[in-house]
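Q: Please take a close look at one part of this structure and at what surrounds it. I am new to this structure, so explain each term when it comes up.

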Amino acid sequence: MCAVCDSNFGLSRRAVLTGVTCVAAAAMAPALLGTVSPAAAQTPVSPAEASQRLADGNARYVGGASRNTDYSVGRAERALGQTPYASIVSCADSRVAPELIFDEGPGDLFVVRIAGNFVNEAGLASLEFGSAVLGSRLIMVLGHTACGAIEATIDVVQNGTELPGHLPSLATALRPGVERAIAEKPADLLAAATAENVRVNVAYLKTAKPIIADLVASGKLDIVGGVYDIATGKVTMV
Ligand SMILES: [Zn+2]
């Protein structure tokens, strides 16, 4: 249990980036993951508060009222450790920048990015570290409009198109959500496939034993999904 973070409940994240205790926890990560219940991880916010904070930050971003603009603030404290309050599974798309979308600064979000925003084994391991060791209390799988990876997978599934290089690995990972969307016969297949891909990965994380699923079962972690609209900047929950 991180007494430092716990005692600072309610304070801003930058103010709470104190910790000797948190640094020690991170340094002990391998041992912690192997010997201590992941439920031991503590952070100053609840999953619901983390979700609200993301929503509030996105509202500021959409309204052109972002307040995180000087990223040098808190640099010295960040050198001592990190306690991100939420994790984001985002596409690698250059137009999708989680810290900007949610009006946060360095140290606030634990971000895993890959084209098509899906969770593979290394991504799951990263998220396990983010929550069990660093104490993130929310994971958001974040799809986005006009996703090229989803578009390409639709083309593969519907037309048998062959992708070059290692791109077929992306289509294989994204196929479940795309096939589910095609079965729905939606008016906007790309939008439906984007949302279904998010749902598929949210469901996968909720049952990802032992670490993530156990944290969810204990109420210390929540998994949610959203889609970022590149045109408006708004994140809509799915
Ligand atoms: Zn994308």
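A: A residue is called buried under 20% relative accessible area, exposed over 50%, and partly exposed in between, for a 1.4 Å probe and protein chains only. This is a predicted model, in which local features need pLDDT of at least 70 and side-chain atom pairs count only at pLDDT 80 or more, while totals for chains, interfaces and linings use all residues. Residues are numbered from 1 along each chain as its sequence is written, and side-chain values use heavy atoms, with hydrogens and water left out.

The part chosen here is strand E4, residues 222-228. Strands (E, at least two residues) and helices (H or I, at least four) are DSSP runs, numbered from the N terminus. Six of the seven residues in E4 are buried, so the strand is mostly covered.

E4 pairs with two strands, E3 and E5; strands pair if DSSP finds at least two bridges between them. With strand E3 (residues 138-144), E4 runs parallel, and seven bridges join the two. Within this pairing, Gly 225 of E4 has Val 141 opposite it. With strand E5 (residues 235-237), E4 runs antiparallel, through three bridges. Here Tyr 228 has Val 235 of E5 as its bridge partner.

E4 and E5 make a hairpin, with six residues between the two strands. Gly 233, in the turn, has a positive phi of about 85°. The loop between E4 and E5 also holds Asp 229. Asp 229 counts as partly exposed because its relative accessibility is 26%. A polar atom of the Asp 229 side chain lies 2.8 Å from the backbone nitrogen of Ala 231. This is a polar contact (N or O atoms within 3.5 Å; within protein, one able to donate a hydrogen and the other to accept it, with residues adjacent in sequence counted only if both atoms are side-chain atoms). Leaving out residues up to four places away in sequence, Asp 229 touches Thr 145 and Lys 234, where contact means heavy atoms within 4.5 Å.

Asp 229 also brings in a stretch from another part of the chain. Its C-alpha is 8.5 Å from that of Ala 146, although 83 residues separate the two in sequence. Ala 146 sits in the loop between E3 and helix H9. Ala 146 is not a glycine, yet its phi is positive, about 55°. At 37% relative accessibility, Ala 146 is partly exposed.

On either side of Ala 146 in sequence are donors of a zinc ion. Cys 91 (SG), His 144 (NE2) and Cys 147 (SG) coordinate the ion at 2.1 to 2.3 Å. Donors are N, O and S atoms within 2.8 Å of the metal (3.2 Å for Na, K and Ca), and sites may look incomplete since water is not among the atoms. The spacing of the donor residues in sequence is C-x52-H-x2-C. Both His 144 and Cys 147 are buried.

At the other end of E3, Ser 136 lies in the loop that follows helix H8 (121-133). Ser 136 counts as buried because its relative accessibility is 1%. Its side chain makes a polar contact of 2.9 Å with the side chain of Ser 87. A polar atom of the Ser 136 side chain also lies 3.2 Å from the backbone oxygen of Leu 138.

E4 also contributes to the packing of the interior. The largest nonpolar core (buried Ala, Val, Leu, Ile, Met, Phe, Trp, Tyr and Cys residues joined through side-chain atoms within 4.5 Å) has 21 residues. Leu 127, Ile 139, Leu 205, Ile 212 and Ile 223 touch the most other members. Strand E2 (109-113), H8, E3, helix H11 (189-206), helix H12 (211-217) and E4 each give two or more residues to this core. H8 gives the most, four residues. Separate from this is a second core of 16 residues, with Val 45, Val 96, Leu 142 and Val 224 among them.

Leu 205 shows how H11 meets these elements. Beyond its neighbours within four places in sequence, Leu 205 contacts residues including Val 119, Leu 127, Ile 139, Val 141, Ile 212 and Ile 223. Taken together, the buried residues of H11 pack against H8, E3, helix H9 (148-159), helix H10 (168-184), H12 and E4. In the loop between H11 and H12 lies Pro 210, and the peptide bond leading to Pro 210 from Lys 209 is cis, with omega near 5°.
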